[in-house]
Each structure stands twice: as structure tokens, then as C-alpha cells.
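This report describes the fold of one protein chain, element by element. Please keep the sequence and the structure in view while reading.

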Amino acid sequence: MKLRHTIADRVAGFVRDWSLPRQLAGEDPTREAAQSTMSRQLRPRLEEADTIGTSICPYCAVGCAQLVYAKAGNVIHIEGDPRSPINEGTLCPKGAATFGWLTSPQRLTKVRYRAPYSESWEERPLGWAMDRIAYLVKRTRDETFVSNLPDGTPVNHTLAIGSLGGATLDNEENYLIKKLFGAGLGMVWIENQARV
Ligand code: SF4
């Protein structure tokens, strides 16, 4: 597949379009570009980036590709990757907000737990939270599992637990969810925002 733009193309485009007078960008050297002093002093907005990484938008299963610009180890900008055949450099409003939520001081980065009947939140380790979820799911399943209906029909299910997935889940995750929750635990209510 032919890539429509490379990063080098983009950088060259920034330089040609924004950062230098035309005579320095290879056009007629005898002509002065019609630019104000302020325009001449403008620099590409991402010139300070020392690293450009790639990522995938975490919001939905469309899987739009992103370019992640960093300076001294800190992310300074995220935008669509024009090389991607999926989004060709674009991002929807959710994906375009990735940098904002990634760097928001309000972003929760630790597990918060509110015990039954408690009025306050506590911070807990992620491992503790995963173990507790697994324990409660297994306990509920064992307490509510039905092997046969009253007329003897075998069902091997529980109607006490449900699973609602989101569009961020990929094929492999949905396969495992269906296999573990349905065939493994006997859950009937397995649904997904994207109707797998
Ligand atoms: S949320 Fe938007 S930008 Fe992100 S993958 Fe989905 S369509 Fe693409």
C-alpha cells in the first residue's frame, strides 16, 4: 500500500508553509515573501518535539492511528496519523481529545473503592481490585448456578450476572469474554455496545 504522507513530508510541509520565507524554501531567491516580521518568526507548533511515537486511539474499535509527540519524555500533542488507511490523519472529537484527558489533572490513575455502606473512597492496589472482582463473580455464580429447570431441562446457567462490553474491546477480547463468561461460567446476559 502506498502511504499518502510520511512524517518527513509533513515536516517538510510545515517548513515550506509556515516557518521560512519562500526564498529559503526553494522558490525564486530574488523575491521576498509578503510576510510580516511576526510571520517570519513563527515556528512550527510541534518543532520542540524530540520524539514522535505511534499509538491507537483507545476509545473505540475503529482503531484510528495516532501520532504522539513528546518532549523530554512528556507528551505535548496527539493527532491523527496520516499514514493510516483507517483514519488518514483524522480523528473524531473523542479521539481528538486524547491529549486532553491523558494529561488532565482530574484523570484518575488509581483504583478507588467504596466499601458497602461506607461514605468515603479509599485507594486500593489494582491487584486487590482484580482479585475482589474475580472473587465476587465466582461466588455469585456458584450461589446462583442452575443445572436443570424444574421440568428437568438442562440449562447450566446463571441469570444473576451480566456482562456489558464496550466498543474498545477487540475481537480477541470478545472471543475470550464469550468463551469464559458463556461457556465457562454459564452467564446468559452477555451484551456489547457494538452488538458483537
Ligand atoms: S473514538 Fe473516534 S478517533 Fe477514536 S478510534 Fe473511534 S472513530 Fe477513531
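## A proline between two elements

In which loop does proline 125 lie? Proline 125 belongs to the loop between strand S5 (122–124) and helix H5 (126–144). The model under discussion is a predicted one.

Is this proline buried or exposed? A residue counts as exposed if 12 or fewer other C-beta atoms lie within 10 Å of its own. Proline 125 has 10 other C-beta atoms within 10 Å, and it is therefore exposed. Along the chain, proline 125 and valine 111 are 14 residues apart, yet their C-alpha atoms are separated by 6.4 Å.

## The chain as a whole

The chain contains six helices and eight strands. Read from the N terminus on, its elements follow the order α-α-β-β-β-α-α-β-β-α-β-β-α-β.

Of the 196 residues in the chain, 8% are buried. Among the contacts with a separation of 6 or more, 35% are made by residues 24 or more positions apart.

## The sheet S1-S2-S3

One open sheet is formed by three strands in the order S1-S2-S3, with antiparallel pairing. Strand S1 (51–56) and strand S3 (74–80) each have a single partner strand, so they stand at the edges and one side of each is left without a neighbour in the sheet. Neighbouring strands of this sheet are turned by 30° against each other on average, direction ignored.

Strand S2 (residues 65–71) and S3 run antiparallel and are joined by six bridges. Within this pair, lysine 71 has asparagine 74 of S3 as its bridge partner, and tyrosine 69 stands opposite histidine 77 in S3. S2 and S3 form a hairpin with two residues between them. In the turn, alanine 72 has a positive phi of about 50°. As a general rule, the side chains of a regular strand alternate between the two faces of the sheet.

## The sheet S6-S7-S8

A further open sheet has three strands in the order S6-S7-S8, and its pairing is mixed. Why is one side of strand S6 (146–148) left without a neighbour in the sheet? Strand S6 stands at an edge with a single partner strand, and the same holds for strand S8 (187–192), so one side of each is left without a neighbour. The twist from one strand to the next averages 30°.

S6 and strand S7 (residues 154–165) run antiparallel, and two bridges join them. Valine 146 stands opposite histidine 157 in S7.

## Helix H6

How does the span of helix H6 (residues 171–184) agree with its number of residues? At 1.5 Å a residue, its 14 residues should span 20 Å, and the end C-alpha atoms are 18 Å apart, which agrees. In an α-helix there are 3.6 residues a turn, so residues three or four places apart point the same way.

H6 lies across S7 and S8, and it runs at about 160° to S8. The helix is hardly covered, for one of its 14 residues is buried. After H6 comes glycine 186, with a positive phi near 85°.

## Positive phi outside glycine

Most residues other than glycine have a negative phi. Tyrosine 117 has a positive phi, near 70°, although it is not a glycine. This tyrosine is found in the loop between strand S4 (111–113) and S5. Tyrosine 117 counts as exposed because it has 5 C-beta neighbours inside 10 Å.

Asparagine 156 is not a glycine either, and its phi is positive at about 50°. This asparagine is found in strand S7. With 11 C-beta neighbours inside 10 Å, asparagine 156 counts as exposed.

## The surroundings of the ligand

Which residues surround the ligand? They are Cys57, Tyr59, Cys60, Val62, Gly63, Cys64, Asn87, Leu91, Cys92, Lys94 and Gly95. By character, this shell divides into seven nonpolar residues, three polar and one charged.

Notes
Residues numbered from 1 in each chain as written. Predicted model: local features only at pLDDT ≥ 70, side-chain atom pairs only at ≥ 80, totals over all residues. Near = placed C-beta within 6 Å. Nonpolar A, V, L, I, M, F, W, Y, C, P; charged D, E, K, R; others polar. Helix = DSSP H or I, 4+ residues; strand = E, 2+ residues; numbered from the N terminus. Expected span 1.5 Å × (residues − 1). Buried ≥ 20, exposed ≤ 12 C-beta atoms within 10 Å, placed from the backbone. Pairing = 2+ DSSP bridges. Axes fitted to C-alpha atoms, helices over the stretch in contact; angles between N-to-C directions. Contact = placed C-beta atoms within 7 Å.
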